[in-house]
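User: I would like to go through this model and ask, label by label, what each term rests on. Please set the values against the cut-offs as you answer.

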Amino acid sequence: MPRFSVIVPAYQVQAYLPECLDSVLSQSYPDLEVIAVDDGSPDACGEIIDEYAARDPRVKPLHLGENRGLGRARNAGIAQATGEYLVFLDSDDTLTPGALAAVAERIDATGAPDVLVYDYERTYWDGRRVRNHLAAELSEWGRAPFRLTDRPGLLRVLMVAWNKAYRREFVAAEGFTFPPGYYEDTPWTFPVLMAAGSIATLDRVCVHYRQRRQGSILSTTSRKHFDLFDQYERVFAYVADHPELAFWKPELFRRMIDHYGVVFTRPGRLPRGSHGEFLRRARDHHRRYRVPKARLRRRHLLIRFGLHRTFRALRYVAAARRRLRGLVLGPARAVRSAALRLHYRIQLRLPLRPERAVFAVEGGYGGDPAALEEAMRRYAPHVRSSWIADPAHPRPLPADPRLVVPGTAAHWTALARSTYLFGDAHLTRGLRKRDGQILVRTLGGTPLGHTGLDLVERPAAVPGADPVGLLRDVDQWDHVVSGNRHSTLTWQRVHPGRWTALEYGSPRTDVFQRATPDDVARLRATLGIPAGAVAILYAPARREHRRTQHLPLDLPRLARGLGPRFVLLARAHGDVPVEGPRVIDVSAHPCPESLCLAADALLTDQSPLMFDYAGLDRPIVLHTGDWTAYTAVRGAYVDLPGAPPGAVGRDEDELAEVFTDGHWNGARAALLRAAFRERFCPWDDGRAAERVVRHIVLGRTEPSPVVPLGERRPVRSAMADTPCPARSPLATVPHPAGHRPVTRAAEHR
């Protein structure tokens, strides 16, 4: 028995059918059969199917004597299927590479659910690709499998048969079949989801849903769109035959009325003169199936009373209001934008202010620019600083730099008149660098995944890469702050330009060498870490190729394996729920440096935070569960599995064993960490920002020597009580887990 039976009905799609079949037969998961159904097609679909069957024994041709419609053609395919799971694919759509392998893996991981729902992407004839806007409903977080009552939002996802895999025994036991007529997916999908004893989701695009320029059935003007009423009658008849599903009636009613509204308002579907009849039948269904608990919208009321002309009149009024708003607000925005552009051009012609500096970073405040701004005030107090940030940003700015709101006249004045410019891409948007200005670019730490020009060949990692715009930006850079030789060599290749690398260390990690034990104790208490507990900072990398984020590890399972001695500080990306025993959600914490200082160890996968954390000389544990997928999508400059910064685990059980058995802070882990630090943290002695400021502002081209950790004396600061460690006093790094730092002198010995 094959794992998958892929059912492909074909009717008048000879131009698209070969691509569809190729996308299935070329899957990396070969355990499948393709049931290609020739639904009495008058073109060459039958011949194409026979040709593929002759070449590949996995293709089972099925020729129907006459055209029976999409639903009955699928039923014929179901009758011939022998696979464990049924997968439907329209003959003008395609499976994405690796889709069936991902589906099989998710099925195994979730205990063979009755239904697995996966994502799709609309592909347009002009080359555009748009992912399902409800992809968040397919997030893989939480318990799996589940019942529809646990995730009712799945009913909002496009009601089609081809974005799901169905366990064939479940379909046969429930007697599900497709009805005739248009919208045949409606009385199939709703009952299937409601009846399924177990459902799982896969947050991955598995189907490319072709948006044909012409020829789509649902875009054809026809009275067959009235079939929609019969299909919803079948849905409610199914619920009537299964009283235990009656609580779904309010949701089904809302979905039905919304669907009627879409068909009624969509141009080119209903024939001229039939709109009134359609709305009257919709009104009859409204009266027949309405339940008291169903919430009513304005559209529902109009359908309820059959107000055909009122419905159309309100649509015209709404369209007129939108146009009027555009006519009023559009010119106002244009005038303001033109005034700001004129203001900027005037400021560009005024003299530079030699003792002014401006700083900016994506997200408001922090990172390397924050450390550089602090060093500027300490070592070059004659230079006045301004910071470009939104006042509503959750991480407060210190009182010393002047706050400049983005998009204001003051913002453009600061960019045009300041001699020194420090920041990331947030700073250089719209910038026209002048002669005499010095632009110091920070690139966000040590590069692990591909970046810069290398992203042109990685469209799945960062869609919409703009190499022309990138090089235009690079041409304005004077200096780039680099933490190590690896970063310098990588950036010189992927950001080619005339800039000079300031290979002086990572400024944002200076605080690691200056925080006191009291600072660390205060941070741990603020985060709620119990006294005596070993705090593990779990910081996974962001998956840019995913529309929705999820945690790669099952934190409750990991926490149970670790036992009561350990506490997890989980730093997730996006709106991902973090829960579990002895798990503290620190996703919203605005200061990563504070989290690093508070943690006894770092657990991560591909997050560049590991390069910063290595400067603390505390244990790092690497999760390599999806390293292959990461390198396939993003690419990597460092072979982490081959030269890890510490102990390695592939899943929750192995990671728990690494910590409970002591491998995380053993002798081998210390040796790996020392080699990692020597390669990526040669300058991290707490004075990186000082070296940059002395070079740029004070003209000292020879960097200050690296001071061994053991020879530095703590220097107290007036900002010792500020929560963010970027304002903390200078001191030797504390190590609450009892690990002594490896000094630069010790490394060279």
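Analyst: A residue counts as buried when its relative accessible area is under 20%. The model is a predicted one, and in strand E18 Phe-566, Leu-568 and Ala-570 point one way while Val-567 and Leu-569 point the other way, all of them being buried.

User: What makes E18 a strand that is largely enclosed by the rest of the structure?

Analyst: Strand E18 covers residues 566-570, and five of its five residues are buried, so the strand is largely enclosed by the rest of the structure. Both directions are represented, since Phe-566, Leu-568 and Ala-570 point one way and Val-567 and Leu-569 the other way.

User: How do you know that E18 pairs with E17?

Analyst: Two strands pair if there are at least two bridges between them, and strand E17 (residues 534-538) is joined to E18 in the parallel sense over five bridges. Within this pair, Leu-537 stands opposite Leu-569 in E18.

User: Which strand does E18 run parallel to over three bridges?

Analyst: That is strand E19 (residues 583-585), joined to E18 by three bridges, where the cut-off for pairing is at least two. The bridge partner of Ala-570 in E19 is Asp-585.

User: What is the order of the strands in the open sheet of six?

Analyst: The order is E19-E18-E17-E20-E21-E22, with parallel pairing. Between E17 and strand E20 (residues 601-604) there are three bridges in the parallel sense, and the bridge partner of Ile-536 in E20 is Ala-601.

User: Why are E19 and E22 called edge strands?

Analyst: E19 and strand E22 (648-649) each pair on one side only, and these are the edge strands of the sheet. Helix H22 (residues 652-660) packs on this sheet, touching E17, E18, E20, strand E21 (620-623) and E22, and its direction makes about 165° with that of E21. Angles over 145 degrees count as roughly antiparallel, so H22 and E21, at about 165°, fall in that class.

User: Which strands make up the other open sheet, the one with seven strands?

Analyst: The seven strands follow the order E12-E11-E10-E13-E14-E15-E16, and the pairing is parallel. Strand E12 (402-404) and strand E16 (500-503) are the edge strands, each pairing on one side only. From one strand to the next the twist averages 25°.

User: How do you know that E13 and E14 are paired?

Analyst: The pairing cut-off is at least two bridges, and four bridges join strand E13 (residues 418-423) to strand E14 (residues 438-442), which run parallel. Leu-421 has Leu-439 of E14 as its bridge partner.

User: How does helix H13 run relative to E13?

Analyst: Helix H13 (residues 409-417) lies across strand E10 (353-360), strand E11 (384-388), E12 and E13, and runs at about 105° to E13. Since 65 to 115 degrees counts as roughly perpendicular, H13 is roughly perpendicular to E13 at that angle. Helix H16 (residues 485-494) lies across strand E15 (479-482) and E16, running at about 145° to E15.

User: Why are H8 and H9 called roughly antiparallel?

Analyst: The axes of helix H8 (residues 249-265) and helix H9 (residues 275-289) come within 11 Å and cross at roughly 175°. The label applies to angles over 145 degrees, and H8 and H9 are therefore roughly antiparallel to each other. The residues in contact include Phe-253, Met-256 and Tyr-260 of H8, and Phe-278, Leu-279 and His-285 of H9.

User: Which strands run antiparallel to E8?

Analyst: Three bridges join strand E4 (residues 85-88) to strand E8 (residues 164-167), and these two run antiparallel, with Arg-167 of E8 as the bridge partner of Tyr-85. Strand E6 (residues 115-124) is likewise joined to E8 by three bridges and runs antiparallel, the bridge partner of Val-117 in E8 being Lys-164.

User: What makes Cys-20 and Cys-206 buried, and how many disulfides are found?

Analyst: The cut-off is under 20% relative accessible area; Cys-20 has 0% and Cys-206 has 1%, so both count as buried. A disulfide would require a pair of cysteine sulfur atoms within 2.5 Å, and a search of the whole structure finds zero of them.

User: How much of the whole chain counts as buried?

Analyst: Of the 749 residues of the protein chain, 53% count as buried, and the chain has 25 helices and 22 strands.

Key
Residues numbered from 1 in each chain as written. Predicted model: local features only at pLDDT ≥ 70, side-chain atom pairs only at ≥ 80, totals over all residues. Heavy atoms only, no water. Buried < 20%, exposed > 50% of the residue type's maximum accessible area, 1.4 Å probe, protein only. Axes fitted to C-alpha atoms, helices over the stretch in contact; angles between N-to-C directions. Contact = heavy atoms within 4.5 Å. Parallel < 35°, antiparallel > 145°, perpendicular 65-115°, else oblique.
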